[in-house]
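Please look over the sequence and the model displayed here before reading the briefing on strand pairing and on one aromatic residue.

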Amino acid sequence: MTAVNDAGSVVGSYKTSNDRMRSFLYSSGVFTTIVDPSATGVTGVWGINNAGAMVGYFDDATGRHGFLDEGGTFTTLDYHP
């Protein structure tokens with residue numbers, strides 16, 4: 001478990017039988033795997049707010065990126081100094 005909101009929705013990570021990391025949302029008795037649609041590697045979920053928006057990271061061919069998932073709509077969040 002990584003984070004939980006006031007409604008009891010939980011986000012976290014688990015490893016598959018072939019040792020690959022996956023992230024999940026557990027809400028209202030339903031377990032959902034979370035994968036950013038731009039990911040070619042790992043998706044990690046780090047937080048969830050009371051509106052159900054999730055934040056985390058994903059890996060692709062260019063590196064690691066942040067994301068915001070609001071109801072299944074993913075927005076990439078990259079820092080460019």
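The notes below cover provenance, the strands and a single side chain.

This is a predicted model, in which local features need pLDDT of at least 70 and side-chain atom pairs count only at pLDDT 80 or more, while totals for chains, interfaces and linings use all residues. Residues are numbered from 1 along each chain as its sequence is written, and side-chain values use heavy atoms, with hydrogens and water left out.

**Open sheet**
- In the order β1-β2-β3-β4, 4 strands (a strand being a DSSP run of E with at least two residues, numbered from the N terminus) form an open sheet with antiparallel pairing, where two strands pair if DSSP finds at least two bridges between them.
- The edge strands of this sheet, β1 (3-4) and β4 (30-34), each pair on one side only.
- Between β1 and β2 (residues 10-15) there are 2 bridges in the antiparallel sense, and Ala3 has Val11 in β2 as its bridge partner.

**Strands β6, β7 and β8**
- Strands β6 (residues 54-60) and β7 (residues 63-70) run antiparallel and are joined by 7 bridges, with a hairpin of 2 residues connecting them and Gly63 in β7 as the bridge partner of Asp60.
- Antiparallel pairing of β7 with β8 extends over 5 bridges, and in the hairpin of these strands, with 2 residues between them, Gly71 takes a positive phi near 65°.

**Phe74**
- Phe74 lies in strand β8 (residues 73-77) and counts as partly exposed because its relative accessibility is 23%, the class between buried (under 20% relative accessible area) and exposed (over 50%), with a 1.4 Å probe and protein chains only.
- Leaving aside residues up to four places away in sequence, Phe74 touches residues including Ile34, Pro37 and Phe67, contact meaning heavy atoms within 4.5 Å.
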